[in-house]
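Subject: Structure handover

Hi there,

Here is the structure I promised to pass on to you. Please have a look at it first, and then read on for what turned up.

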Amino acid sequence: MKILANDGISQNGIAALENAGFDVLTTTVAQEQLANYINDKKVDALLVRSATKVRKELIDACPTLKLIGRGGVGMDNIDVDYAKAKDIHVINTPAASSESVAELVFAHLFGGARFLYDANRNMPLEGDSNFKGLKKSYSKGTELRGKTLGILGFGNIGQATAKLAIGVGMNVIYFDPEVKETNIDLSFFDGQKMTFDLKSSKKSDLLEKADYISLHIPGQDNYVLGKTEFAQMKKGVGIVNAARGGVLDEVALIEALENGSVSFAGLDVYESEPSPEIKILMHSSISLSPHIGAATLEAQERIGLELAEQIISLLK
Ligand SMILES: NC(=O)c1ccc[n+]([C@@H]2O[C@H](COP(=O)([O-])OP(=O)(O)OC[C@H]3O[C@@H](n4cnc5c(N)ncnc54)[C@H](O)[C@@H]3O)[C@@H](O)[C@H]2O)c1
């Protein structure tokens, strides 16, 4: 059986599939040539990340396809229901990148609490001429330990973020209408394990109590954090969005940063991605990353292996 990994797949994923007798093609075929290529090579399974689109027209044009796999979480680039209605398996790897996203959240949080995002902008410009001035402007940092992290959305990534927060010594509160109560299991380097029982707070309580807020919800029709919510938050709160552009109102965020009600924001995702607003990119209180939450070598390896395991069990 032939598998086309059109947006790439990790070496260990390829090895697992080849050991099970699959032929793995890793050519990146342009979107408009994809149907021809799949038909020509009689591809049985198409694996994508976010770049390749698997729309109805492609599905109709490729009768050999038995499986579509998305390395990662969001399936916005695949017509999932249509494919399933045609008896094509559609799989993804929902938990493979949770720890990677959670660590990026903490990169933004640690960096935010100590102004690293701004120091990294200004040290190359005036680090030699104004060292003492910069030292003074970044000398009122804070510790994360003992502060309260409010997590909006307590699925895979929200819970992975909670584990890191507990490890750092933070208080964790969350709001998720679907996860009323849950156990968080922490495993330590020496084999010790600890379990923490957490219950969902009310959203309004979380907004009032949190020193930092991190978003881990799927894309929504309306903003989850906008002007009204910013007005309910603790003064000087730090906010991280590594979920989806559009869950946070960027105009309201800029306003809140300018009037001091929010002290900094860490953004990995943007409303107008892939061309974020210049006001966001240039703002001195925003820590920026270009949607790299899931993009670690370890996550890519887990994604490759998880896809391989599912393909082997479904197609062998
Ligand atoms: N930055 C990145 O590179 C990156 C990588 C992977 C995933 N993500 C994004 O992270 C988000 C979370 O992913 P996940 O794997 O944890 O998803 P998940 O499905 O495991 O969890 C999402 C949770 O959000 C809850 N939720 C939905 N609407 C809510 C609301 N309005 N308020 C509070 N909770 C709400 C759901 O009940 C669910 O428990 C998704 O938007 C995903 O697209 C980003």
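How many cavities of 30 Å³ or more does the structure hold? There is one. Do keep in mind that this is a predicted model.

The largest cavity has a volume of about 70 Å³. Two elements each give two or more residues to its lining, namely strand E3 (45-48) and helix H13 (297-315). H13 gives the most, with four residues. Among the lining residues are Gly-8, Ile-9 and Ser-10, along with Leu-47, Val-48 and Arg-49. Gln-300, Ile-303, Gly-304 and Leu-307 also line the cavity, as does Gly-71. By class, the lining has five nonpolar, five polar and one charged residues.

Now to the ligand. Which space does the ligand take? The ligand occupies the largest pocket. Around the ligand there are 22 residues, and the closest are Asn-156, Ile-157, Asp-176, Ile-217 and Asp-268. This shell divides into 11 nonpolar, seven polar and four charged residues.

Some polar contacts are worth a look in the viewer. A backbone N or O atom of Ile-157, one of the closest residues, lies 2.8 Å from an oxygen atom of the ligand. From the side chain of His-291, a polar atom lies 3.4 Å from a ligand oxygen, while a polar backbone atom of Gly-293 is 3.2 Å from an oxygen atom of the ligand. Taken alone, the ligand exposes 870 Å², and the protein buries 82% of that.

Happy to talk it over whenever suits you.

Best wishes

Terms used
Residues are numbered from 1 along each chain as its sequence is written. This is a predicted model: local features need pLDDT of at least 70, side-chain atom pairs count only at pLDDT 80 or more; totals for chains, interfaces and linings use all residues. Side-chain values use heavy atoms; hydrogens and water are left out. On a 1 Å grid over the protein atoms alone, a cavity is a set of points where a 1.4 Å probe fits but cannot get out, and a pocket is an open set with protein on both sides within 12 Å along at least five of seven lines; lining residues have an atom within 4 Å of a point. Grid points are joined across faces, edges and corners, and a volume is the space filled by probe spheres set on the points. Ala, Val, Leu, Ile, Met, Phe, Trp, Tyr, Cys and Pro count as nonpolar, Asp, Glu, Lys and Arg as charged, and the others, Gly among them, as polar. A residue is near a molecule or strand if one of its heavy atoms lies within 4 Å of it. A polar contact is a pair of N or O atoms within 3.5 Å; within protein, one must be able to donate a hydrogen and the other to accept it, and residues adjacent in sequence count only if both atoms are side-chain atoms. Accessible areas come from the Shrake-Rupley method with a 1.4 Å probe; for residues, only the protein chains shown count as cover. A molecule sits in a cavity or pocket if more than half of its atoms lie within 2 Å of its grid points.
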